[in-house]
Amino acid sequence: MRAAAGVRDRLFGPRVSYSRKVFIPLTKLCRDNCGYCTFARAPVPGERAYLTPEEVLAVARAGAEAGCKEALFTLGDKPEKRYPEARRELREMGFETTIEYLVHACRLVLEETGLLPHANPGVLLEEEVRALREVSVSQGIMVEQVSERLLGREMAHWASPDKVPARRLETLGAAGRLRVPFTTGLLIGIGETVEDRVDTLLAIREQHERHGHLQECIVQNFRAKPGTRMHGAPEPSEDEMLATIALARLLLPGDMTVQAPPNLAEGTQPASNGTPPTRGTSTPA
Ligand code: SF4
């Protein structure tokens with residue numbers, strides 16, 4: 001940690017940057033089944049699957065009035081491949097896929113409110129990255145972990161086809177080829193080993209060395225939330241979290257910032273414990 005703090009101080013000094021953003025949850029439907037997820041839900045009869053364009057603009061305008069600069073679109077991955085409700089609603093609005101609608105919603109927000117859209121929609125094809133590039137300032141996908149073991153039965157990514165590591169790395173590669181400013185990161189404590197964490201950091205580093213497009217690496221800690229498959233699983237300790245943040249700073253190139261979400265540290269770490277804080281721009285993905 002001392003070595004990592006030295007690298008951080010040399011690269012960034014005492015500077016801490018952040019982005020004032022409003023979250024726009026375009027849809028909470030998702031085709032995946034991650035064991036820790038508190039975001040996704042099944043369709044509810046009588047409720048819409050997607051925010052309407054008017055609702056998207058209302059959230060964005062409220063954010064702009066509150067001083068936000070960025071509109072962070074959050075959504076589940078490819079719900080139309082799983083739910084007829086999603087397919088029907090998209091068709092009624094004139095779209096085939098969630099990504100087509102996301103492109104439309106980003107353009108609306110950009111043109112009508114001036115907020116800068118950041119899109120975080122999961123695994124993307126190259127043409128989808130290209131379409132989003134026209135209407136957003138940056139995009140992101142968490143690699144989470146490169147271990148395929150986590151796709152196994154009873155594991156965190158069971159029955160979650162968009163969590164196949166190669167597909168997520170390919171999305172990073174597509175964004176790199178198209179020179180899209182990009183955010184990525186790890187999720188720790190979901191059944192991976194320490195070696196898996198290092199492999200994930202090295203895979204992220206390799207993508208950045210090839211394309212130079214990764215602005216930020218988030219180190220996110222698993223929290224066991226009620227109502228999820230992994231509600232009884234052990235959470236990573238503070239030491240594991242701090243060690244992974246330090247490893248990230250030591251292994252990743254100096255032009256990438258490292259961020260740990262402070263909201264997920266609540267209740268796990270004392271406000272001041274003598275350890276150097278992590279610095280980085282804040283764009284959760
Ligand atoms: S892909 Fe994302 S939204 Fe979908 S279940 Fe997994 S964590 Fe939740």
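**Entry 1: the ligand**

I started at the ligand and listed what surrounds it: Cys30, Asp32, Asn33, Cys34, Cys37, Phe39, Ala40, Gly76, Asp77, Gly122, Ser160 and Asp162. I then sorted this shell by residue class, and it came out as five nonpolar, four polar and three charged. I noted Cys30, Cys34 and Cys37 as being among the residues around the ligand.

**Entry 2: how far to trust it**

Reminder to self: this is a predicted model. I looked up the confidence, and the protein averages a pLDDT of 93, with 93% of the residues at 70 or above. Residues 271-285 are where I get careful, since the pLDDT there is below 50. In the model that stretch still has 41 contacts beyond near neighbours in sequence.

**Entry 3: strand β3 and its partners**

Next I went to β3, residues 116-120, and asked myself how many of its five residues are buried. I got four, so I wrote the strand down as mostly covered.

Then I checked who pairs with it. On one count, β2 (residues 70-75) runs parallel to β3, and five bridges link them. To find the register I looked for a matched pair, and Glu70 sits opposite Leu116 of β3.

β4, residues 138-140, also runs parallel to β3, joined to it by two bridges. Here the pair I noted is His118 facing Ser138 in β4. I followed the chain from β3 to β4: it goes through helix α5, residues 126-133, and the β-α-β crossover is right-handed.

**Entry 4: two odd phi angles**

I keep a rule of thumb in mind here: most residues other than glycine have a negative phi. Which residues did I find with a positive phi although they are not glycine? I wrote down Lys78, at about 45°, and Glu144, at about 70°.

Lys78 belongs to the loop between β2 and α3 (84-93). Is Lys78 buried or exposed? I count 22 other C-beta atoms within 10 Å of Lys78, and the cut-off for buried is 20 or more, so Lys78 is buried.

Glu144 I placed in the loop between β4 and α6 (165-177). Glu144 has 24 C-beta neighbours inside 10 Å, and therefore it goes down as buried too.

So my note on these two reads: Lys78 is a buried loop residue with a positive phi, and Glu144 is likewise a buried loop residue with a positive phi.

Terms used: Residues are numbered from 1 along each chain as its sequence is written. This is a predicted model: local features need pLDDT of at least 70, side-chain atom pairs count only at pLDDT 80 or more; totals for chains, interfaces and linings use all residues. A residue is near a molecule or strand if its C-beta atom, placed from the backbone, lies within 6 Å of it. Ala, Val, Leu, Ile, Met, Phe, Trp, Tyr, Cys and Pro count as nonpolar, Asp, Glu, Lys and Arg as charged, and the others, Gly among them, as polar. pLDDT is the predictor's confidence in each residue, from 0 to 100. Two residues are in contact if their C-beta atoms, placed from the backbone, lie within 7 Å. A residue is buried if 20 or more other C-beta atoms lie within 10 Å of its own, exposed if 12 or fewer, and partly exposed in between; C-beta atoms are placed from the backbone. Two strands pair if DSSP finds at least two bridges between them. A crossover is right-handed if, with the strands pointing away from the viewer, the path from the first strand over the helix to the second runs clockwise.
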